[in-house]
Amino acid sequence: MEMTLRTFSVLVDDEPGVLSQISRLFSRKGFNIESLAVGPTEECGLSRLTLEVLTDDQQTELLCNQLSKMVPVHSVRLLAEEHSIRREMVLCKVRAEERSVRSELIQLANVFRASILDVSSTSMTLAVIGEESKNEALTDLLREFGILEMVRTGMVALERGRYTIQDERKETLEFNLGKML
């Protein structure tokens, strides 16, 4: 079976230890998390994790089922690349000791729609938000100048259109309510 980079969107309780529980699940099953981003959602008390993992179809189904069974997990969604918006932010501090180098970096920032966050007499810090291929293209060019430091956020993703991770949560709540009656 072919291993593919899969994007999981997981809605969880915003409480200590949840990220550790989720990452242990992937570790126990022998998977390396390629990208991880987590943060609060529009609903108080919930956080959203976006994980990218190399899996095949059978492993993907196993992981979705295992995640769904976890107590702090409210909803799990596998995001198809063609039906989702995926973005990553990169902050990159580059050597820029000469005025001509700073001018070149400003031009590159304009081409890639990057933001210049900091300029000093010896360096320049840029931020770019976009798809992985765009970010890779810019960082490859910045390597020629000498990258002093770089950090990447990990991929965040949402489904396109009217569908939300909350849709699945509503179905689950209605199903569980029916079981309790």
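This passage walks through the helices, a few single residues and the largest pocket of a predicted model.

Helix 1 makes a handy starting point. Its buried residues are V18, I22, L25 and F26. Looking down the axis of helix 1, these buried residues fall within an arc of 95°, so they line one face of the helix. That pattern fits a general rule: an α-helix has 3.6 residues a turn, so residues three or four places apart point the same way. S27 and R28 sit on the other side of helix 1 and are exposed. As for what the buried face meets, the buried residues of helix 1 pack against strand 1, strand 2 (33-40), strand 3, helix 2 and strand 4. After helix 1 comes G30, with a positive phi near 85°.

Helix 2 takes in residues 57-69, 13 residues in total. From its first C-alpha to its last, helix 2 reaches 19 Å, close to the 18 Å expected at 1.5 Å a residue. Four residues of helix 2, namely T60, L63, C64 and L67, are buried. Seen down the axis of helix 2, the buried residues keep within an arc of 100°, so here too they line one face of the helix. Q58, E61 and K69 are exposed on the other side of helix 2. The buried residues of helix 2 are covered by elements including strand 1, helix 1 (18-28), strand 3 and strand 4.

Strand 3 offers two residues worth a stop. T50 lies in this strand, which runs over residues 46-55. With a relative accessibility of 3%, T50 counts as buried, because the cut-off for that label is under 20%. Setting aside residues up to four places away in sequence, T50 touches T7, F8, S35, L36, A37, M155, V156 and A157. T50 and L79 are 29 residues apart along the chain, and 9.6 Å separates their C-alpha atoms.

R48 also has its place in strand 3. At 19% relative accessibility, R48 counts as buried. Beyond its neighbours within four places in sequence, R48 is in contact with S9, V10, L11, A37, V38, G39, T41, A157, L158 and I165. One of these, S9, is 39 residues away from R48 in sequence, and the two are 6.9 Å apart in space, C-alpha to C-alpha.

Further along the chain, R113 is found in the loop between helix 3 and strand 6 (115-119). Most residues other than glycine have a negative phi. R113 is not a glycine, yet its phi is positive, at about 55°. With 73% relative accessibility, R113 counts as exposed.

R113 turns up again among the contacts of K134, a residue found in helix 4. Not counting neighbours within four places in sequence, K134 is in contact with F112, R113, V128 and I129. K134 has a relative accessible area of 26% and is partly exposed. Between K134 and S9 there are 22 Å in space, C-alpha to C-alpha, and the two are 125 residues apart in sequence.

Helix 4 itself has 12 residues, which at 1.5 Å a residue should span 16 Å. The end C-alpha atoms of helix 4 are indeed 16 Å apart, so the two values agree. Its buried residues are N135, L138, T139 and L142. Viewed down the axis of helix 4, they fall within an arc of 100°, so they line one face of the helix. Those buried residues pack against strand 5, helix 3 (99-111), strand 7 (123-130) and strand 8 (147-152).

That leaves the empty space. Rolling a probe the size of a water molecule over the atoms shows where such space is left. The largest pocket holds about 370 Å³. Its lining is made up of 17 residues, and T7, A80, E81, E82 and R86 lie nearest the centre. T7 is also one of the residues that T50 touches. By class, the lining of the largest pocket has eight charged, five nonpolar and four polar residues. At least two lining residues come from each of strand 1 (4-13), strand 4 (73-79), strand 5 (84-95) and helix 4 (132-143).

How values were computed
Residues numbered from 1 in each chain as written. Predicted model: local features only at pLDDT ≥ 70, side-chain atom pairs only at ≥ 80, totals over all residues. Heavy atoms only, no water. 1 Å grid on protein atoms, 1.4 Å probe; cavity = no way out; pocket = protein on both sides within 12 Å on 5 of 7 lines; lining within 4 Å. Points joined across faces, edges and corners; volume = space filled by probe spheres on them. Nonpolar A, V, L, I, M, F, W, Y, C, P; charged D, E, K, R; others polar. Expected span 1.5 Å × (residues − 1). Buried < 20%, exposed > 50% of the residue type's maximum accessible area, 1.4 Å probe, protein only. Arc of directions from axis to C-beta. Contact = heavy atoms within 4.5 Å.
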